[in-house]
Amino acid sequence: NEELLINSEKLYVAGQLAAGIAHEIRNPLTSLKGFLQLIVSGKKNNNSYYDIMNAELDRIEDIVSELLMLSKPQVYELAYQDLRVMMRDTVTLLETQAILHNIAIEAEYGSEPLWIYGVENQVKQVFINVIKNAIEAMSDGGAIGIKLTREQDGVFVRIRDEGPGIGEDQLAKMGQPFYTTKEKGTGLGLMVSYKIVDNHQGKIDVKSEIGKGTSFEIMLPFRYPETEIKKSS
Ligand code: ADP
Ligand code: MG
């Protein structure tokens with residue numbers, strides 16, 4: 001009975017999400033169709049529409065690729081990973097974007113390997129989403145601090161920015177599908193990130209102070225490769 005209840009709850013959530021996705025994708029589609037009709041009718045000069053049409057297509061593409069991150073990871077993709085390596089790759093990937101926005105990324109990786117067991121692309125996606133949000137929050141530049149540590153059974157990633165901070169009512173909405181305060185946002189980055197961390201038996205915690213900045217704490221279980229091998233033999 002409890003299982004049935006949980007299933008119906010899952011179905012409800014899936015239904016809510018599907019309705020949201022349908023709505024978010026229908027808007028740009030409707031607009032694309034409108035422009036296409038105008039072009040076909042030959043009534044107006046076509047060239048000015050292409051940029052808008054392109055932007056609408058980009059939007060659909062962004063939504064779809066973020067949602068794809070939610071699909072179930074394949075078994076073979078799960079592997080032992082050193083979080084320091086994954087974070088270094090991510091910082092390298094985002095450094096140019098940060099510099100363009102006058103932002104310095106200051107990362108402390110620590111000196112010991114920080115093993116986790118997970119899907120590389122998904123965990124990297126979480127880091128990308130959170131750091132991107134930090135960059136987007138700091139329109140006047142500043143510093144993003146990243147610190148990796150191991151505390152008992154958990155590997156902790158702390159990412160803090162010097163952005164405007166988030167109010168309490170906004171904080172409660174973060175992670176809800178399609179919640180965004182950005183003109184070009186999808187409002188899916190955090191929802192996807194929370195889901196990925198949850199799938200990895202981890203936790204995300206957000207603390208924010210208006211006028212000071214925001215700090216994300218991501219915990220993932222420490223999983224040392226050799227211990228696991230010994231256990232199974
Ligand atoms: P998007 O970035 O597309 O808006 P997200 O799910 O990544 O979607 O983020 C949702 C919202 O949470 C953002 O629009 C923003 O209002 C808020 N937010 C997330 N991270 C930060 C941050 N570091 N500082 C301030 N606001 C943030
Ligand atoms: Mg985002």
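In this predicted model, Ile 131 touches Thr 90, Leu 94, Ile 144 and Ile 159, when residues up to four places away in sequence are not counted. Ile 131 also belongs to the largest nonpolar core, where it is among the residues that touch the most other members. The points below take up that core, then the shell around ligand 1, and then helix α6.

**Nonpolar core**
- The largest nonpolar core holds 36 residues, and those touching the most other members are Leu 83, Met 87, Val 130, Ile 131, Ala 134, Ile 144 and Ile 159.
- At least two residues of this core come from each of α3 (83-100), β2 (103-108), β3 (115-119), α4, β4 (142-151), β5 (154-160), α6 and β7 (213-221).
- The element that gives the most to this core is α4, with 8 residues.

**Shell around ligand 1**
- Ligand 1 is surrounded by 19 residues, of which Asn 133, Thr 180, Gly 185, Gly 189 and Leu 190 come nearest.
- Both α4 and α6 supply at least two residues each to this shell, and α4 gives the most, with 4 residues.
- By residue class, the shell around ligand 1 divides into 10 polar, 7 nonpolar and 2 charged residues.

**Helix α6**
- Helix α6 spans residues 189-199, and within this helix Gly 189, Leu 190, Met 191, Val 192, Ser 193 and Ile 196 are buried.
- The cover over the buried residues of α6 includes α2 (47-68), α4 (120-137) and β6 (203-209).
- Gln 201, which follows α6, has a positive phi, near 60°.

Methods:
Residues numbered from 1 in each chain as written. Chains lettered and ligands numbered in written order. Predicted model: local features only at pLDDT ≥ 70, side-chain atom pairs only at ≥ 80, totals over all residues. Buried ≥ 20, exposed ≤ 12 C-beta atoms within 10 Å, placed from the backbone. Contact = placed C-beta atoms within 7 Å. Near = placed C-beta within 6 Å. Nonpolar A, V, L, I, M, F, W, Y, C, P; charged D, E, K, R; others polar. Core = buried A, V, L, I, M, F, W, Y, C linked by C-beta atoms within 7 Å.
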